[in-house]
Amino acid sequence: METVKKKDICFVIHSLQAGGMERVMSELLNYFAASNRYHVHLVLYGIKRDVFYDISKDIIIYRPSCEFDNSKRLLSTIKTNFFLRKTIQKINPVAALSFGERWNSMVLLALLGTKVPLYVSDRAQPNKSLGKLHDALRKWLYPNAKGVIVQTEKALAIYKGMYAQTNFKVIGNPIRQIPAQDIPRENCILMVGRYIKSKQQDVLIEIFSKLNAPDWKLVLVGYDHLKQSNQEEWEALAKKLHVADRVVFAGKQADVERYYLSSKIFAFSSASEGFPNVVGEAMSAALPVVSFDCIAGPSDLIINETNGFLIPLGDQKLFVEKLQVLIDDSGLREEMAMKSKQLIQKFELNYICNEFENFLVSN
């Protein structure tokens, strides 16, 4: 029997700390590593942090020998670019994939003039400015990418007007399927997301305080990797609004599935997204969702009044009204929960990973 020669494929990301972008990257890594068709290479080049996600021991990991020093930013950037160029050229992959709107330009710049087929994907709000320098770099460098992967149809429309690039592909995030377990549902409204300003947990606390739901609690799963003490501010807000005894700051959780499966409603207050993985996970766990209709992502997952409610960004009054509807109507909750479970199937892990493979290797 003839042995199939494995191809080298390379994935590039600043870190694999806990986060939506990092989770998707880890799942892609494991998908390609499980195949007998590839040698999988992972290049990590940001500030050295532990790898939060479980990844295959067969993945070959590369890190720069020097730590990135923000006090010597220019020198560190030059060293990082040299590391990226030297490392990825040595790997000589059939394709390389870089994640991160703040980082892709660095990787593109490092590989200018090489023959490495580099694909990039931004993972945040597509029309969000990163500042004059970053915006100018992206406009200049993105046309040099072999292809650009976007997460939503809204993102595609925006990017086509921003970049002189023709090879775009819309691929949503793989959503891990969360099987039902014998865990009782509690009167709980859940949100999962980093404790950062753009996720607007403070707004959700204000919304929760206006509900007529004395026997319900709000559970906030997440953490603040920048240590900006948002949690302390939000705890003070909950106390001021007299709901501190019913708002739970659950912190960083490895077993977040238990929180999805023990809740009855998922609320998503984020003001900007690329593709909200946690909304998909909540749907997989059979939860109806109430979400601000931020750009972009929620509207690719939620069909308004079918498996949840899309709320115009900033309309707290309507958010309160729709949460109250779900709290009061258990039949509607169950109907929307069933629809969520059905609708999320099109983002099944292997299907989405296969879409990535076809675009990267067969393109």
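User: Leaving aside its neighbours within four places in sequence, which residues is Val 120 in contact with?

Analyst: Contact means heavy atoms within 4.5 Å. Skipping those sequence neighbours, Val 120 touches Leu 97, Ser 98, Asn 104, Leu 108, Tyr 142, Ala 145, Gly 147, Val 148 and Ile 149. Keep in mind that this is a predicted model: local features need pLDDT of at least 70, side-chain atom pairs count only at pLDDT 80 or more, and totals for chains, interfaces and linings use all residues. Residues are numbered from 1 along each chain as its sequence is written, and side-chain values use heavy atoms, with hydrogens and water left out.

User: Is Val 120 buried or exposed?

Analyst: Start with the cut-offs: buried means under 20% relative accessible area, exposed means over 50%, and partly exposed is in between (1.4 Å probe, protein chains only). Val 120 has a relative accessible area of 0%, so we call it buried.

User: And which strand does Val 120 lie in?

Analyst: Helices (H or I, at least four residues) and strands (E, at least two) are DSSP runs, numbered from the N terminus. Val 120 belongs to strand 5, residues 118-121. In a regular strand, side chains alternate between the two faces of the sheet.

User: How do I read the sheet? What is the order of its 7 strands?

Analyst: Two strands pair if DSSP finds at least two bridges between them. Here the 7 strands are ordered 3-2-1-4-5-6-7 in an open sheet with parallel pairing. Strand 3 and strand 7 (168-170) are the edge strands, each pairing on one side only. From one strand to the next, the twist averages 20°. As a worked case, take strand 4 (residues 95-99), which pairs with strand 5 in the parallel sense over 4 bridges. Leu 97 has Tyr 119 of strand 5 as its bridge partner.

User: Which strands do helix 1 and helix 2 touch as they pack on this sheet?

Analyst: For directions, axes are lines fitted to C-alpha atoms (for helices, over the stretch in contact), and angles between N-to-C directions run from 0 to 180 degrees. Helix 1 (residues 20-34) touches strand 1, strand 2 and strand 4, and its direction makes about 170° with that of strand 1. Helix 2 touches strand 1, strand 2 and strand 3, at about 175° to the direction of strand 2.

User: Let's stay with helix 2. What should its 19 residues span?

Analyst: The expected span is 1.5 Å times one less than the number of residues. For helix 2 (residues 73-91) that gives 27 Å, and its end C-alpha atoms are 27 Å apart, which agrees. Now look at its buried residues: Ser 76, Thr 80, Asn 81, Phe 83, Leu 84, Thr 87, Ile 88 and Ile 91. They cover an arc of only 165° around the axis (using directions from the axis to the C-beta atoms), so they sit on the same side of helix 2. Their cover includes strand 1 (7-13), strand 2 (38-44), strand 3 (60-62) and helix 3 (104-110). On the face turned away, you'll find the exposed residues Leu 74, Ile 78, Phe 82, Lys 86 and Lys 90. After helix 2 comes Asn 92, with a positive phi near 55°.

User: What about Asp 122: which side chains does its side chain make polar contacts with?

Analyst: A polar contact is a pair of N or O atoms within 3.5 Å; within protein, one must be able to donate a hydrogen and the other to accept it, and residues adjacent in sequence count only if both atoms are side-chain atoms. The Asp 122 side chain makes one with the side chain of Asn 104 (3.0 Å) and one with that of Arg 138 (2.8 Å). Asp 122 lies in the loop between strand 5 and helix 4 (132-141), and at 4% relative accessibility it counts as buried.

User: There's a sheet with 6 strands too. Which strands stand at its edges?

Analyst: This open sheet has the order 10-9-8-11-12-13, with parallel pairing. Strand 10 and strand 13 (308-311) are at the edges with a single partner strand each, so one side of each has no neighbour in the sheet. Helix 9 packs on this sheet, touching strand 8 (188-192), strand 11 (265-268) and strand 12 (289-292). In helix 9 (residues 277-284), 8 of the 8 residues are buried, so the helix is largely enclosed by the rest of the structure. Just after helix 9, Ala 286 has a positive phi of about 65°.
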